[in-house]
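Colleague: I would like to walk through this model step by step. Can I put my questions to you one at a time?

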Amino acid sequence: MLKDMDKYCFLGCLIEIGGRGPVVWQVMDWDRRRMISLVTDAEYQEDPVQVIAHFKRHIKTLPLDTYKIHMSERGDLLRVSTDPKDDPWIIIWRFEMEDLQLEKLLSGVETVIRIELCEISRLAWGIDLVSYGTGEEEKRVDFKYALIPQDSHRFWTELNVWMRLSHHPNIVPIDRIVLDEIRGQIVGFTTPYIPGGSLEDTPSQGVKLKWLKQLIQLVDALNLRYGVIHDNIIPRHLPVDPETDDLLLINFNFSRRIAGPVRLFIFDISGQEMARVILTVYIIITGEKRFQYTHDTKKISNAAAVMELEEWTPAPGMILDHPVSAYRSLLEEWTRQRRAVHVQARECIDWPEFPYKQTVWERDERGASYAVGGAYDCSRAGEREAGRAVIEWERPPEDALRDEAMVVDDDEYVYV
Ligand SMILES: Nc1ncnc2c1ncn2[C@@H]1O[C@H](COP(=O)(O)OP(=O)(O)O)[C@@H](O)[C@H]1O
Ligand SMILES: [Mg+2]
């Protein structure tokens, strides 16, 4: 189920410079997977929080095919447009299978068509629990997809890195690449669904010393062998396989190469990764949320401060299979060993550059700027007008599906 705070994303707004004209906000509705333009008065732009609050009041009553709404300063709905010409959806860069240069991978990757996926529930924005296949062949997987221009680069990196590390026993493998039903381009990928949740979802399952050992070995492999930093190690990205009781890692959208083209090992960057491991173990054991933020610039000093603490008091109800001192010694020993090594990653993974050029801004004869060659030159409204089919991502709201038993069968499957 999508959390309320994950449902709507204000992607930005267009304001006429110096003008007092309307302000147009771009809103992504992740629940229904649609983009809406929200038009308000110029004076109103000062307070986006108010705009968002008013918007949320109306969202449930808007028709599914709403493309544009006008709102008064008091938040009243003035106009609602369901005219497809007003569809503000920008079609983002899409990749071909060849762009991935799969021939360089040891094993082939299978594909599935988007419309063959049957939604079971919505886990977070841009990620659903789905199934495909029938009977014995049915498979439950997580479907992760990118829809907004802001996600394109991260999606490209995540898919490429993840595919090249999929064989590691402590990494949830990529299951299938998901292609769209119109042009056969990549819209997302699936990973096997790991029931039971992550170390964040079920903190009371604690952290076994064995899992910490697995995490350390995995991070060593990523940094020292494959030459990458995951850079997003947090309890939420660490599910435990209920069958094997092994710790697993997901989410590679912040991954980066440590080694540049010269393959030099830069110690400092992997130090940040180690800091995240220390902070993650500390957060889980103590329940202290202060250091949760992944991209805290002070992670190395925070990790050092945590290691200096006299005591790590376990959170109430926390079950550990060893004394806290065993976890701390393991971390201390690890950091000590790492300080002494200076290695060159031997099996650096490599992946193709983002296959599109950056957006270039040009000016027309009146001096107005327009974008060429980027994400911004292809709108769904324009595609429709040119008679080309577009992917229809829209779907009913999750709440309504739950309320209306008619679309939900005994297995909790939601047919959309
Ligand atoms: N294969 C999977 N099995 C089970 N849960 C998953 C899987 N992939 C992702 N999740 C869960 O879905 C949520 C969203 O995942 P993701 O978008 O990758 O991370 P983030 O929340 O950091 O953006 C997280 O809570 C994660 O634990
Ligand atoms: Mg996400």
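Colleague: Which residue in β3 does Val 23 stand opposite?

Modeller: This is a predicted model. Strand β2 (residues 23-29) and β3 are joined by 7 bridges and run antiparallel. Across that pairing, the residue in β3 opposite Val 23 is Thr 40.

Colleague: Which residue in the hairpin of β2 and β3 takes a positive phi?

Modeller: Most residues other than glycine have a negative phi. The hairpin of β2 and β3 has 4 residues between the strands. The residue with a positive phi, near 50°, is Arg 33.

Colleague: Which residue of β4 is the bridge partner of Leu 38?

Modeller: β3 also pairs with strand β4 (residues 68-71). Here 3 bridges join the two, and they run parallel. The partner of Leu 38 in β4 is Ile 69.

Colleague: How many residues of strand β3 are buried?

Modeller: A residue is buried if 20 or more other C-beta atoms lie within 10 Å of its own. Strand β3 covers residues 34-40 and is mostly covered. The buried count is 6 of its 7 residues.

Colleague: Now the open sheet. Which strands stand at its edges?

Modeller: The open sheet has 6 strands in the order β6-β10-β11-β9-β8-β7, with mixed pairing. An edge strand has a single partner, so one side is left without a neighbour in the sheet. The two at the edges are β6 (110-113) and β7.

Colleague: What does the twist average from one strand to the next?

Modeller: Take the strands in their order, β6-β10-β11-β9-β8-β7. From one strand to the next, the twist averages 35°.

Colleague: What is the bridge partner of Thr 111 in β10?

Modeller: Strand β10 takes in residues 176-179. β6 is joined to β10 by 4 bridges, and the two run parallel. In β10, Thr 111 has as its partner Ile 177.

Colleague: Do β10 and β11 run parallel or antiparallel?

Modeller: Strands of a sheet pair through backbone hydrogen bonds, either parallel or antiparallel. In this pair, Leu 179 stands opposite Ile 186 in β11. The 4 bridges join strands that run antiparallel.

Colleague: Which residue in the turn of that hairpin has a positive phi?

Modeller: β10 and β11 form a hairpin with 6 residues between them. The phi in question is about 70°. The residue is Gly 184.

Colleague: Which residue of β11 is the bridge partner of Tyr 145?

Modeller: β11 pairs with strand β9 (residues 139-145) as well. That pairing is antiparallel, over 5 bridges. Tyr 145 has as its partner in β11 Gly 188.

Colleague: Why is β11 called largely enclosed by the rest of the structure?

Modeller: The reasoning rests on a count of buried residues in β11. It is largely enclosed because the buried residues number 6 of the 7.

Colleague: On to helix α3. What does it reach from its first C-alpha to its last?

Modeller: Helix α3 (residues 152-165) has 14 residues. The expected value, at 1.5 Å a residue, is 20 Å. The model comes close to that, with a reach of 20 Å.

Colleague: How many residues of α3 are buried?

Modeller: The helix is mostly covered. Among the buried residues are Phe 155, Trp 156, Trp 162 and Leu 165. The count is 10 of its 14 residues.

Colleague: Which two domains does ligand 1 lie between?

Modeller: 14 residues surround ligand 1. They divide into 9 nonpolar, 3 polar and 2 charged. β7 (118-124) and β11 (186-192) each supply at least two of the shell. Residues of the shell come from both domains, so ligand 1 lies between domain 2 (97-192) and domain 3 (203-340).

Colleague: Is Asn 251 buried or exposed?

Modeller: Asn 251 is among the closest residues to ligand 1. It lies in the loop between β12 and β13, and its phi is positive, near 65°. With 20 C-beta neighbours inside 10 Å, Asn 251 counts as buried.

Colleague: And Asp 245, buried or exposed?

Modeller: Asp 245 lies in the loop between β12 (228-229) and β13 (256-257). Its phi is also positive, near 60°. Asp 245 has 10 C-beta neighbours inside 10 Å, so it counts as exposed.

Colleague: What separates the C-alpha atoms of Cys 378 and Ile 90?

Modeller: Cys 378 is in the loop between β15 (369-372) and α8 (380-385). Along the chain, Cys 378 and Ile 90 are 288 residues apart. Their C-alpha atoms are separated by 6.1 Å.

How values were computed: Residues numbered from 1 in each chain as written. Chains lettered and ligands numbered in written order. Predicted model: local features only at pLDDT ≥ 70, side-chain atom pairs only at ≥ 80, totals over all residues. Near = placed C-beta within 6 Å. Nonpolar A, V, L, I, M, F, W, Y, C, P; charged D, E, K, R; others polar. Domains from an automatic or database assignment. Pairing = 2+ DSSP bridges. Axes fitted to C-alpha atoms, helices over the stretch in contact; angles between N-to-C directions. Expected span 1.5 Å × (residues − 1). Buried ≥ 20, exposed ≤ 12 C-beta atoms within 10 Å, placed from the backbone.
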